[in-house]
Amino acid sequence: MADKANIGILGASGYTGSELLRLLLRHPRVDIALLTADRRAGQAMRDVFPQFSPYALPRLVAIDAIDWPSAGLDLVFCALPHGTTQAVIATLLETAPNTKVVDLSADFRLSDPEAYARWYGHAHQAEALQREAVYGLVEVYRDEIKGARLVANPGCYTSCAQLPLIPLIRAGAIDTDEIVIDAKSGMTGAGRAAKEAMLFSEVSEGFNAYGVGHHRHMAELDQEFSKAAGRTVVPTFTPHLVPMNRGILSTIYVRGTAGKGPEQLHAILAEAYRDEPFVHVLPFGEMPHTRHVRGSNMTFIGVAKDRRPGRAIVGAALDNLVKGASGQAVQNMNLMLGFPETLAIDQVALFP
Ligand SMILES: NC(=O)C1=CN([C@@H]2O[C@H](COP(=O)(O)OP(=O)(O)OC[C@H]3O[C@@H](n4cnc5c(N)ncnc54)[C@H](OP(=O)(O)O)[C@@H]3O)[C@@H](O)[C@H]2O)C=CC1
Ligand SMILES: CC(=O)N[C@@H](CCC(=O)OP(=O)(O)O)C(=O)O
């Protein structure tokens, strides 16, 4: 690879695609070589998102128009709706096998084809690649990601639950039969395409739970928590849609095992993340706020006492478009291409 990597973004006219571009425009080691869209194909990026007007960027093209072998791409970010991605990545990797891929959709996150079919209602269209894909939660799979050709970027809700819980599960410090995750997301989590349920008048001045008992992110949590525990783990998880643009807040209820109280759980998390650049454990008793991570690649974690003995309340906050999607994807790219892990994603949160 030359000094700079040639990068493509599939789905650049969407929220995570444009967030990738925002981050990559300040990355010193990449050139933006390809941007795609579906309805907006043929348009300039400035017509879709005026904030990019000052930058010379390739025009948005349709994926069907791309000849992968001659595109000369070192790495492609795939920010397309889940379900549409498998066929695209299969063609890309078949015809341009030296190109690396970070997929932001859910298509390659579940390693078991049967689990995929059960949760998504159809057979996976690229099972060999599904087996090859490395799950892209950097703080857990850093070494595997460095050598991967295809990385499945984790879901936004699942990142905000795994980062606070995986060290506790690995340490055997909590009862894995009693995990309750209450999560709230801002509206950009639902993507940019127009939907009636996402109108201002439908979501403002209130909020609601959805996907109760069956949200597809449960499959990803089951898979990763079970791996960490070495036994089947099935957490309770309920997402809520909150009328704000960015952010996810998880409030998680756990019971310590083997005499581990809230202070010990806090100490395990503080130790696990002591040297991690993008996870910050707050002092004991402080809880995170989505405002303090907005626009940054940070996850803030807090642990507090429950008044019921032996129980703790664990909080986590991240920006769904950054650590929950595009920032995490750039962190993965940095590892896959041998760049410093924090390059272009070390900005402090926007406040207020
Ligand atoms: N939003 C978030 O917070 C998160 C999203 N994700 C995942 O990332 C992916 C992208 O999400 P997001 O950016 O929010 O979605 P958007 O709806 O905002 O953007 C989707 C993009 O895909 C293009 N597109 C839509 N359908 C097709 C198709 N059939 N073929 C080719 N291109 C198509 C759209 O083009 P056009 O606009 O021209 O129609 C647009 O560029 C999804 O899989 C999502 O689940 C993951 C974590 C968090
Ligand atoms: C607020 C909102 O609607 N959030 C999305 C999840 C975000 C996301 O994009 O998740 P995947 O990457 O797994 O698709 C949802 O609940 O479907």
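Start by selecting helix 1 (15–24) and helix 12 (322–336): each supplies at least two residues of the shell around ligand 1. Helices here are DSSP runs of H or I with at least four residues, strands are runs of E with at least two, and both are numbered from the N terminus. Helix 1 gives the most to this shell, with 3 residues.

This is a predicted model, where local features need pLDDT of at least 70 and side-chain atom pairs count only at pLDDT 80 or more, while totals for chains, interfaces and linings use all residues. Residues are numbered from 1 along each chain as its sequence is written, and chains are lettered from A and ligands numbered from 1 in the order in which they are written.

Next, select the surroundings of ligand 1. Which residues come nearest? Of the 30 around the ligand, they are Gly11, Gly14, Ser105, Gly191 and Arg192 (a residue is near if its C-beta atom, placed from the backbone, lies within 6 Å).

Now color by domain. Domain 1 (5–132) and domain 2 (157–320) each give at least three residues to the shell around ligand 1; the bounds come from an automatic or database domain assignment.

Finally, zoom out to the whole protein, with its 12 helices and 14 strands. The C-alpha atoms fill a box of roughly 60 × 45 × 40 Å, taken along the principal axes. Of the 352 residues, 47% count as buried, meaning that 20 or more other C-beta atoms, placed from the backbone, lie within 10 Å of a residue's own.

Terms used:
A residue is buried if 20 or more other C-beta atoms lie within 10 Å of its own, exposed if 12 or fewer, and partly exposed in between; C-beta atoms are placed from the backbone.
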